[in-house]
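Ready for a tour? Keep your viewer open, and at each stop select what is named before reading on.

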Amino acid sequence: MQTKMRESDPILEVENLFASTENLPILKGVSLTVYPGEIHAIMGRNGCGKSTLSKIIAGHPSYNITNGDIKFSGENINSLEPEERAQSGIFLGFQYPIEIPGVSNLEFLRVSTNARRKFLNKEELDTFDFEELVKEKLELVKMDHAFLSRSVNQGFSGGEKKRNEILQMALLEPKIAILDETDSGLDIDALRIVASGIKKISNEQTGIILITHYQRLLDEIEPTYVHVMADGQIIKTGGSDLALELEKKGYEWTDNFVKET
Amino acid sequence: MVNENLVKDVVKEPYKYGFVTDIETEKISKGLNEDIIRLISQKKEEPQYLLDFRLKAFKKWQKMDEPDWAGLGYEQIDYQDIIYYSAPKQKEKISSLDEVDPKLLETFDKLGIPLTEQKKLTNVAVDAVFDSVSIATTFREELAEHGVIFCSISEAVKNHSNLIEKYLGTVVPASDNYFAALNSAVFSDGSFVYIPKGVTCPMDLSSYFRINSGDSGQFERTLIIAEESSSVSYLEGCTAPMFDTNTLHAAVVELIALDDASIKYSTVQNWYAGDEEGVGGIFNFVTKRGKCLGKRSKISWSQVETGSSITWKYPSCLLLGEESVGEFYSVALTNNLQQADTGTKMIHIGPKTKSTIVSKGISAGNSINSYRGLVKMGTKAAGSRNYSQCDSMLIGDQASANTFPYIKSQQPNSEIEHEASTCRISEDQLFYLQSRGIEFEEAVSMMVSGFCRDVFNQLPMEFAAEADKLLALKLEGSVG
């Protein structure tokens, strides 16, 4: 595992995290630290706990932390509400973005952006100023203005939903973005648009966790670290070459790994 | 399912219109009999035909049984334990608003309905009804210039007796139902609107009903007549103080639209709903009906029902005129132990008539929310169409929603479409909004407003904003 000189404090620290849903243990001791400017890829079979990890970091109420801590900017956030986490700069890009009938995408984006801006002590935007801001961000994900007048994700194609997620990320300017299979279901063009959007939004101050099955996203966005998860644990961590090796050998190759501590 | 722990501790917003105005009132004694009816009629100096109308209605009422088909649960109403006339004491004849008791003006001020010349709403004419009487109507002179009559129904009986005699009880006959018969016997006041031929009413007209006494019922009667090629938009708002007893409100509203006339009738009903245990609150048993008498006439009902312990109302349209149009847009929200049984009847009688029904029911807490409606195509209603959409939203796991659509068609050359859906605010939807920094309560209210969007779009602007706020307020602390 490569090491790097780090001058700043970590953004996110997951420490020996155990979590369950409906008394079923899902995470069995996950540790992960993300520093500013780092991109972490998490790979692993379906059902290994990748999505659960992302939802728990974002504060999904269906999961209980049974042991361990999640720290964000050095503060324990185990008991914070999802909206508090989001306002302070944690972003979760959903694998399956949720449809909300009747709620206009524009209004949703504005309320959400203002909630984050309020936390940052920035001025809240009225409809007109927000339109200006969102126009600029739409460019990043090559979305048409017409998306704004539709209901949140309703009737969007798979690719449109994912681009809408990246649009939200661009508006919220998170400190850490966890993107849960943002690449799945995208054609090559859409993948490029999404990847370039992510690259433009992220910078030296932000951390990114990419949950993915495919090398093709990692070709576009080179990860600092690649983690392999199995049965609720990170069983192997390496550089970007680990993903290439996985792509070649498949998850079977990882079956015999024991947890590296 | 919504996670219960998330919301248990949210502070509940109290009903903000629950105050009582301390004012000297003139009340007659409790009870209902012929003498009481004669007394009411006498107090209002009514002509003989009206007294006869009342007495006939009373006779019919005595022979009728209180309806129980809605399956609403409430304790038997003791009709002898109600005061049928209660009015704030004031000067006999009031020539201007300045002579209205300041306490009354203050009351309406507090309710957000300023009446005085300096403060009155600029774009809406208001008729303010306090218990059994109308205390003031604004913009009367301005309206009169256009020939529009907007006054209390008592005044109309005195000054426009011919119109009253011609139209009163022609849409909702006294024998129509138990509560309509009761209203016809004892109605005290309400609003009267007359729009002459070819006139588009220059401003919205509005009645604001305030129940103040705890032991008197409110039985108002509204009559709106739109002559040929005229149009009017009428708004109605209602509030009441918090009492631990139930107050009966049995109103009758009649609308008449002649050739090419259009009437838009919007209601925001926020009567006191009782407390969390279901103690107190208004029984809102109302009969509202419009008659599209003329060709191409149109009557549109839109309502936002959030208050009352029990709501039982079915604003309906009789579509007689060829190509006449009936519309019903409704949002009914129930919480705690509220019960709402509401919907509409669209009776297609004339040919090529058209009706649209959009009903959105939201039930939270332990409440029961039912849509009940009838679409009927008569034998002569060839080429007529109806579209109905009834959606229910459940919040929590103790509330219930029902839909009872009745469809009767005697005309093969007509179309009836009915769509219905039931949804629940899902934990995933809430989490999605929360994970974007939106507070839980705001997330719920965003989804509820989204659910009601189709109906809110039909409301006059200022009402739509109020309705949105009202729903958010009502839902506070209810999600669990």
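**Stop 1: an alanine in chain B**

Select Ala226(B): leaving out residues up to four places away in sequence, it touches Ile195(B), Ser231(B), Val232(B), Ile256(B), Ala257(B), Leu258(B), Ala261(B), Ser262(B) and Ile263(B). Here two residues are in contact if their C-beta atoms, placed from the backbone, lie within 7 Å.

Before you go further, a word on the model and its labels. It is a predicted model, in which local features need pLDDT of at least 70 and side-chain atom pairs count only at pLDDT 80 or more, while totals for chains, interfaces and linings use all residues. Residues are numbered from 1 along each chain as its sequence is written, and chains are lettered from A and ligands numbered from 1 in the order in which they are written.

Now add Ala128(B), Val193(B), Ala257(B) and Ile263(B) to your selection. Together with Ala226(B), these touch the most other members of the largest nonpolar core, which has 206 residues. Such a core is a set of buried Ala, Val, Leu, Ile, Met, Phe, Trp, Tyr and Cys residues joined through C-beta atoms within 7 Å. A residue is buried if 20 or more other C-beta atoms lie within 10 Å of its own, exposed if 12 or fewer, and partly exposed in between, again with C-beta atoms placed from the backbone.

**Stop 2: a loop residue with an unusual angle**

Select Asp260(B), in the loop between β11 (252-257) and β12 (262-269) of chain B. Helices (H or I, at least four residues) and strands (E, at least two) are DSSP runs, numbered from the N terminus. Is Asp260(B) buried or exposed? Asp260(B) counts as buried, because 21 C-beta neighbours lie inside 10 Å. Its phi is near 60°, a positive value in a residue other than glycine. Most residues other than glycine have a negative phi.

**Stop 3: strands side by side**

Show strand β20 (residues 354-363) of chain B. Eight of its 10 residues are buried, so β20(B) is largely enclosed by the rest of the structure. Next, add strand β17 (residues 325-334) of chain B, which pairs with β20(B) in the parallel sense over 10 bridges. Two strands pair if DSSP finds at least two bridges between them. Then add strand β22 (residues 385-394) of chain B, which also pairs with β20(B) in the parallel sense over 10 bridges. Follow one row across: Gly326(B) stands opposite Ser355(B) in β20(B), and Ser355(B) stands opposite Asn386(B) in β22(B).

**Stop 4: a histidine between two helices**

Select His160(B), in the loop between α5 (153-159) and α6 (161-167) of chain B. It has 17 C-beta neighbours inside 10 Å, so His160(B) counts as partly exposed. Which residues does His160(B) contact, leaving aside its neighbours within four places in sequence? They are Ile149(B) and Tyr194(B). Try the distance tool on Tyr194(B): from C-alpha to C-alpha it is 9.8 Å from His160(B), though 34 residues apart in sequence.

**Stop 5: where the chains touch**

Colour the two chains differently. The contact takes 19 residues from chain B and 21 residues from chain A. On the chain B side, α8 (427-434) and α9 (440-456) each supply at least two residues.

Zoom in on α8(B), where six of the eight residues are buried. Those buried residues, among them Phe431(B) and Tyr432(B), pack against α2 (82-88) and β7 (100-104) of chain A together with α9 of chain B.

**Stop 6: a sheet in chain A**

Hide chain B and find the open sheet of four strands in chain A, with the order β2-β1-β4-β5 and antiparallel pairing. Its edge strands are β2 (24-34) and β5 (75-76) of chain A, each pairing on one side only. Helix α1 (residues 50-58) of chain A packs on this sheet, touching β1, β2 and β4.

Inside the sheet, seven bridges join β1 (residues 12-21) to β4 (residues 64-72) of chain A, and Ala19(A) stands opposite Ile65(A) in β4(A). Last, select Asn16(A), which lies in strand β1 of chain A. Asn16(A) has a positive phi of about 45° although it is not a glycine.

**Stop 7: zoom out**

Finish with both chains in view. Chain A has eight helices and 12 strands, and chain B has 10 helices and 24 strands. Of the 261 residues of chain A, 45% count as buried; of the 480 residues of chain B, 57% do.

Technical notes: Axes fitted to C-alpha atoms, helices over the stretch in contact; angles between N-to-C directions.
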